[in-house]
Every structure is written in structure tokens, then in C-alpha cells.
Amino acid sequence: MSLSIPERGWYKAPAGAEKLWIGLALTWCLVMSVMMPYWHFRGKQNSRGEAYAVTPAAFFERADTFVQANKVGERDGIPIVEPAPGGDAYLVARMWSWYPILRLREGQTYRVHLSSMDLNHGFSLQPLNMNFQVLPGYDHVLTLTPTSKGEFTIVCNEFCGIGHDRMFGKILVE
Ligand code: CUA
């Protein structure tokens, strides 16, 4: 089949069901556009945008000091660490793991510091579906209050190479 010039007068303005569909899609776009800033201020699962510049080496040093001081166990070679209620916790993302495993108390508020050692990773807490970017060079502080007990899985949701699909972490809430 070869390309040919369309006949004159090929354009017909949308009508009937097509017009209705365009209207519905447009309305939904507008609703979503309004909801994004609305949830930014009213939602309870948003970052405050608190972030600081940090080198990966300096961040890892802080995280490791935190791990050594608060370690309570180990699982599959990864330390389980329990921060003091109301205190700081550190979570390191790197190709292709999360370090350490955090053990938190329900109803307590923590300052969870997130950063990456290498490239852009994604922090996706499941099954709650809370999502944050994890970037090298930034200490992103999440003020976090667990509201339910259980074992939560951190999935990396930014493609970060060959081990991306196996980059899982854990947050335990007791
Ligand atoms: Cu880390 Cu994908």
C-alpha cells in the first residue's frame, strides 16, 4: 500500500459518542490536574520535600554508624536495625539492595533518611504503594509514622540495571 493524499474534506468534527468520550477524557484530565496539588497539601502519604546535599560516602558513614549502634538482628546477611522512637533512621539504596532492614514501632514517628550510593533508585513501599525517588547526592528525609503492624516490602521502581527486578528491601512494623 502506498501513501496517498487524503481526499478533500476528509475531516469531520467529532460528534455523538466520540464527542462524549473526548469530553469525559478531558474532564478526567482536569480532575487529575487539580488532585495532584490537592493531595500534595492534604494527603498523608507525601514527602515534605525535606532534603539535604550529601555525598554518597558521607551518607553511608552516617548510615553505618546508625546500623552499628542500633542493630538488633540479622536476616539473610542484612542487619535488622531498630531506631529509637522519634529518632533518625537511615536507608541506603545501592545496586541492587536496600540497607539495612528497619524495624519500627506502630504509632511512633521517625525521620527516615533516604539516599543512593550510585544511581537513581525508586523507593516503593508495598502494599501501601508509597513512592519516592532515591537519588545520589541527596539526603531525602521522610517523616514517617507507621499506622499498621506487619512486614512491608520495598520495591525499587526506577530501572537501575541488571539486578533491578531483585532489588527488594524490608520495613518491619511491630
Ligand atoms: Cu534500584 Cu531499580
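Tryptophan 96 is located in the loop that links strand 4 (88–94) to strand 5 (97–99); strands, like helices, are DSSP runs numbered from the N terminus, with at least two residues in state E for a strand and at least four in H or I for a helix. The peptide bond between methionine 95 and tryptophan 96 is cis, with omega at about -5 degrees. A cis bond also leads from tyrosine 99 to proline 100, where omega is near -5 degrees. Proline 100 belongs to the loop between strand 5 and strand 6.

The model is predicted, and local features require pLDDT of at least 70, side-chain atom pairs count only at pLDDT 80 or more, and totals for chains, interfaces and linings use all residues. Residues are numbered from 1 along each chain as its sequence is written, and side-chain values use heavy atoms, with hydrogens and water left out.

Met95 and Trp96 also take part, with Leu119 and Ile162, in a nonpolar surface patch whose accessible area is about 380 Å² together. Patches consist of residues with over 30% relative accessible area and no salt bridge, like charges being joined within 9 Å and nonpolar side chains (Val, Leu, Ile, Met, Phe, Trp, Tyr) within 5 Å. A salt bridge is taken as a side-chain nitrogen of Lys or Arg within 4 Å of a carboxyl oxygen of Asp or Glu. Areas were computed by the Shrake-Rupley method with a 1.4 Å probe, and for residues only the protein chains shown count as cover. Leucine 119 sits in the loop between strand 7 (110–116) and strand 8 (121–126). Its relative accessible area of 32% makes leucine 119 partly exposed, where buried means under 20%, exposed over 50% and partly exposed in between (1.4 Å probe, protein chains only).

Seven strands form an open sheet in the order 2-3-6-12-11-8-9, with mixed pairing; two strands pair if DSSP finds at least two bridges between them. Strand 2 (71–75) and strand 9 (130–134) are the edge strands, each pairing on one side only. The average turn between neighbouring strands of this sheet is 25 degrees, direction ignored; axes are lines fitted to C-alpha atoms (for helices over the stretch in contact), and angles between N-to-C directions run from 0 to 180 degrees.

Within the sheet, strand 3 (residues 78–81) is paired with strand 6 (residues 101–104) in the parallel sense over two bridges. Valine 81 is placed opposite leucine 102 of strand 6. The loop between strand 2 and strand 3 contains aspartate 76, a residue other than glycine with a positive phi, near 50 degrees. Aspartate 76 is exposed, at 75% relative accessibility.

At the other edge, strand 8 and strand 9 run antiparallel and are joined by five bridges. Phenylalanine 123 has phenylalanine 132 in strand 9 as its bridge partner. The two strands make up a hairpin with three residues between them, and asparagine 129 in the turn has a positive phi of about 60 degrees. Asparagine 129 is partly exposed, at 45% relative accessibility. Side chains alternate along strand 9: Met130, Phe132 and Val134 are buried and point to one face, whereas Asn131 and Gln133 point to the other and are not buried.

At the level of domains, the protein is divided into domain 1 (14–45) and domain 2 (51–173), with bounds from an automatic or database domain assignment. The C-alpha centres of domain 1 and domain 2 are 34 Å apart.
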